[in-house]
Amino acid sequence: MGLPTHTRYLIVGAGVHGLSTGYHLARELRARGKGSGADILIVDKTDVAAGASGIACGVIRNNYFQPAMRALMAHSVSVWESDPDALSYHPVGYMQISPEAMHEGVASIHAQQRAIGYPSVFVEGAADCLTYMRGIFHDWQAKGITSVLHEQKGGYANNKAAMAGLARKALAEGVRIEPGVRVCGLRRSGGAVSAAETDRGVISADCVVVGVGPWIRSIWAMLDLPMAITVVHNGTAHPNVTMWRYLCLQEGTLGVAPTLQQTNDGRMPPVIHVDTDAPLHADPDGALITDQLWGIYYKPDFMFNGVQGGAAPYLVDQEEVRIDPYGPASPEFVVGEEFVRMWCSGLAFCQKRFEGQSHLYRREPSGGLGAFTPDNFPVFDVFHQNCYVIADSNHGYKMIGVGALVAKEILGEPSAILQPFRFSRYAEGKLHPTSKSPFPWS
Ligand SMILES: Cc1cc2nc3c(=O)[nH]c(=O)nc-3n(C[C@H](O)[C@H](O)[C@H](O)COP(=O)(O)OP(=O)(O)OC[C@H]3O[C@@H](n4cnc5c(N)ncnc54)[C@H](O)[C@@H]3O)c2cc1C
């Protein structure tokens, strides 16, 4: 079948956002008697899960300091829960384990989770935290911890398997997914986007949805949107702020049996995220790695075949950033020895079972680039009348529910959950609050 020259809805990108939007839009059209999946075409320059969604750690949590993010995550968790098998979703829960510097902020997250009915347990004080953690892992030994937020929902999903499941759900609704189609330009007519120029021909569309993850800067340019913007923060205007910055996410896998990380009662454990200001020394040689606030996250994962996780990303301070080849195929943006030493030592710092295990780290390329907005939070907005941009600022694997809300917005039903993520917030000074976490996405 040749590529169509027209579609009502053209979705660019077959990652979590493109696929979720396609699937949910098809359902909405059918339910409203306004069409079906046959009205939707998803194109991807490579294939399903070729971008960040295909290499993500896959952690799904509610733990965000920003109320708007928590509302969005609560909604997204309900979408993950709607079909755990098809979406390869493991609802094992999630733990944010923090030092005193973050205590107050995490306490407010817990209070607000209660207010929105999101189930979590909050433990305070060093002694109680140690007892609580040892109740789960007998060998828990992390220092500098004074609060534990244990979210009973959330967990993780297997990156590529979940995307394959989501693609199957979209296909079953009649959506067409076309791999190997690169959008090279976007034509406009009467102020609206009228067609996409692709390397396989021109496709006209009534509505275009963009979900291209780390490739957002090139589509942003095709839409003639500004590469530098004014950001109003605390009443002061900061002109000429770079719209898209790149950070490299550092993740890897310790090649132990995933079952090594079972809980005391033999279950698969929650995803662990630890931040602390206790000094981190190298395992096994004891050299100081850092005495500043640091953090790691990890979970056992049968698809990665080990205990997989990561540490804070680093800023890619370059004018030109080569996104392709992406992920593990990149010659530049994969983790190095410094990460391996830090992350493996961090594991040993947290749990005795990981002491002396760093030689089992899987030395294969891992990690990858993400494109971040000026405040590190997503932009979900319509540009040029009919082009919906989903730019999640690279913490959006968990945000599977965005597509469901975008589908409704496209059909004329505004979403209060998406409202705080409009592009105009930068000029209006309506930024999200920032936390004390060492990670740019908490
Ligand atoms: C190493 C790593 C770990 C992460 N871990 C987590 C995590 O644990 N939890 C979490 O919530 N988030 C995580 N993230 C972030 C998350 O993966 C991304 O925010 C999310 O997957 C982005 O989804 P997307 O659909 O916007 O883009 P992508 O999944 O990147 O998909 C974009 C697609 O667009 C296609 N494309 C690009 N340009 C074009 C074009 N011009 N024409 C046609 N097609 C095009 C690409 O081929 C790609 O398939 C992680 C990210 C990285 C890099």
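Which residue in E20 is the bridge partner of Tyr-298? In this predicted model, the bridge partner of Tyr-298 in E20 is Gly-309, and the pairing belongs to an open sheet formed by eight strands. Two helices that pack on this sheet, H3 and H7, are described below, followed by the crossing of H1 and H8.

**The sheet**
- The eight strands follow the order E6-E7-E5-E16-E19-E20-E15-E21, and their pairing is mixed.
- Strand E6 (120-124) and strand E21 (368-372) are the edge strands, each of which pairs on one side only.
- On average, and with direction ignored, neighbouring strands of the sheet are turned by 20° against each other.
- Strand E19 (residues 294-301) and strand E20 (residues 306-315) run antiparallel and are joined by six bridges.

**Helices on the sheet**
- Helix H3 (residues 100-115) touches strand E5 (94-98), E6, strand E7 (147-151) and strand E16 (271-276), and the direction of H3 makes about 150° with that of E6.
- Helix H7 (residues 337-350) touches strand E15 (245-254), E16, E19 and E20, and the direction of H7 makes about 80° with that of E19.

**The H1 and H8 crossing**
- The axes of helix H1 (residues 16-31) and helix H8 (residues 402-410) come within 7 Å and cross at roughly 50°, and the two helices are therefore oblique to each other.
- The crossing of H1 and H8 is right-handed.
- On the H1 side the contact includes His-17, Ser-20 and Leu-25, while the H8 residues that they and others meet include Val-402, Ala-404 and Lys-408.
- Sorted by class, the contact of H1 with H8 has six nonpolar, five polar and two charged residues.

Conventions: Residues are numbered from 1 along each chain as its sequence is written. This is a predicted model: local features need pLDDT of at least 70, side-chain atom pairs count only at pLDDT 80 or more; totals for chains, interfaces and linings use all residues. Side-chain values use heavy atoms; hydrogens and water are left out. Two strands pair if DSSP finds at least two bridges between them. Helices (H or I, at least four residues) and strands (E, at least two) are DSSP runs, numbered from the N terminus. Axes are lines fitted to C-alpha atoms, for helices over the stretch in contact, and angles run from 0 to 180 degrees between N-to-C directions. Contact means heavy atoms within 4.5 Å. Angles under 35 degrees count as roughly parallel, over 145 as roughly antiparallel, 65 to 115 as roughly perpendicular and the rest as oblique. A crossing is left-handed if the near helix is turned anticlockwise from the far one by less than a right angle, and right-handed if clockwise. Ala, Val, Leu, Ile, Met, Phe, Trp, Tyr, Cys and Pro count as nonpolar, Asp, Glu, Lys and Arg as charged, and the others, Gly among them, as polar.
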